[in-house]
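Visitor: I would like to learn how to read a model feature by feature. Where do we begin?

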Amino acid sequence: MFTHKRFIIDSLNFVRNSEVHHGRILPAELERLREYLLDHSGEIVYSISGVFDEKGRPTLKIMITGMVTLCCQRCLSKLEHTLDVKTSLLIARNQDEYSYYDEDNSVDAILASPDIDALTLIEDEIILSLPISPRHQENECSINNITISTSEKKHPFISLKSLKK
């Protein structure tokens, strides 16, 4: 396994300069994400753009696509999970602004920093997007393929009936 070079951004300068960073990483490269995975196969494609939103607020637009392998909580077998994450993170210039954004449930915000690790942001967004209890669809789960034959079962007290006579 190789380690992807970390990409550090100065969040406000990244937005002021309308910068864009994109790349590909392997799920195995994201240490915290590995805890959620059944195996480390797949690939993740990401893009981070620095923009000003419609209200002129500095924002990081994050897009993530790819495939990771989770464990189905119903049958405990492999579950391919498609990543399709699109999120916007407002950049709060100071703690007061951050507290203001934090009270609004309709926005996500981070505190401005000159040294934000872009891959940590990517990993955070992937983890937040994962299902709490990953499961196959009802008809796709291997546990549904187990059949119990009820025709061969006899009533447990049928032999007692013959003793009664």
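Guide: We go from the overall fold to single residues. Keep in mind that this is a predicted model.

Visitor: How many helices and strands does the protein chain have, and in what order do they run?

Guide: The chain holds 5 helices and 7 strands. Read from the N terminus, the order is β-α-β-α-β-β-β-α-β-β-α-α.

Visitor: What share of the residues is buried?

Guide: Of 165 residues, 37% count as buried. The chain exposes about 11000 Å². Carbon and sulfur atoms supply 51% of that area.

Visitor: What do the contacts say about sequence separation?

Guide: Take contacts between residues at least 6 apart in sequence. Of these, 60% join residues at least 24 apart.

Visitor: How should I read a nonpolar core, and which residues have the most contacts inside the largest one?

Guide: The general idea comes first. In soluble globular proteins, nonpolar side chains tend to be buried together. Here the largest nonpolar core has 29 residues. Leu33, Ile44, Leu60, Ile64, Ile122 and Ile126 have the most contacts inside it. Two or more core residues come from each of helix H1 (11-16), strand S3 (44-52), S4, strand S5 (78-92) and helix H4 (118-129). H4 gives the largest share, 6 residues. Another core, of 5 residues, lies apart from this one. Its members include Ala92, Tyr101, Val107 and Ala109.

Visitor: What does Ile44 touch, leaving out residues up to four places away in sequence?

Guide: The list for Ile44 includes Leu33, Ile64 and Ile126. Also on it are Gly23, Arg24, Ile25, Pro27 and Leu30. Thr65, Gly66, Val68 and Leu83 complete the picture.

Visitor: Now the charged residues. How many salt bridges are there?

Guide: Side chains of opposite charge can pair when their charged atoms come close. This structure holds 7 salt bridges. One of them joins Arg57 and Asp53, at 2.8 Å from N to O.

Visitor: Are Arg57 and Asp53 buried or exposed?

Guide: Both Arg57 and Asp53 are buried. Compare the pair Glu80 and Lys78, whose closest N and O atoms are 3.7 Å apart. Glu80 is partly exposed, because its relative accessible area is 45%. Lys78 also counts as partly exposed, at 44%.

Visitor: Which other salt bridges can I look up?

Guide: Try Lys86 and Asp84, which meet at 2.9 Å, N to O. Lys86 is exposed, with a relative accessible area of 58%. Then find Arg32, Glu123 and Asp124, which are linked in a network of salt bridges.

Visitor: Arg57 has a salt bridge to Asp53. Which side chain has a polar atom 3.0 Å from the backbone oxygen of Arg57?

Guide: That side chain belongs to Thr59. Thr59 sits in strand S4 (residues 58-71). With a relative accessible area of 2%, under the 20% limit, Thr59 is buried. Beyond its neighbours within four places in sequence, its contacts include Asp53, Val15, Ser49 and Leu90.

Visitor: What is the polar partner of Thr69?

Guide: Thr69 lies in S4 too. Its side chain makes a polar contact of 3.2 Å with the side chain of Asp39. Thr69 counts as buried because its relative accessibility is 1%. Among the residues it touches, sequence neighbours up to four places away aside, are Leu37, Ser41, Lys78 and Glu80. Lys78 and Glu80 are the salt-bridge partners from before.

Visitor: How do I read an aromatic pair?

Guide: A pair of aromatic rings is described by the distance of the centres and the angle of the planes. There is 1 aromatic pair here. Tyr100 and Tyr101 form it, with 6.0 Å centre to centre and 55 degrees between the planes. The pair is tilted.

Visitor: Is each ring's residue buried or exposed?

Guide: Tyr100 is exposed, with a relative accessible area of 59%. Tyr101 is buried, at 7%. Tyr101 also belongs to the core of 5 residues.

Visitor: Last, the backbone. Which residues other than glycine have a positive phi?

Guide: Most residues other than glycine have a negative phi. Ser18 has a positive value, near 50 degrees. Ser18 is in the loop between H1 and strand S2 (20-25). Leu76 has a positive phi as well, near 65 degrees. Leu76 is in the loop between S4 and S5. Leu76 is exposed, with a relative accessible area of 61%.

Notes. Residues numbered from 1 in each chain as written. Predicted model: local features only at pLDDT ≥ 70, side-chain atom pairs only at ≥ 80, totals over all residues. Heavy atoms only, no water. Helix = DSSP H or I, 4+ residues; strand = E, 2+ residues; numbered from the N terminus. Buried < 20%, exposed > 50% of the residue type's maximum accessible area, 1.4 Å probe, protein only. Contact = heavy atoms within 4.5 Å. Areas by Shrake-Rupley, 256 points an atom, 1.4 Å probe, with all protein chains shown as cover. Polar contact = N/O pair within 3.5 Å; in protein donor to acceptor, adjacent residues only side chain to side chain. Core = buried A, V, L, I, M, F, W, Y, C linked by side-chain atoms within 4.5 Å. Salt bridge = Lys/Arg side-chain N within 4 Å of Asp/Glu carboxyl O. Phe/Tyr/Trp six-rings, centres within 6.5 Å; stacked < 30°, edge-to-face > 60°.
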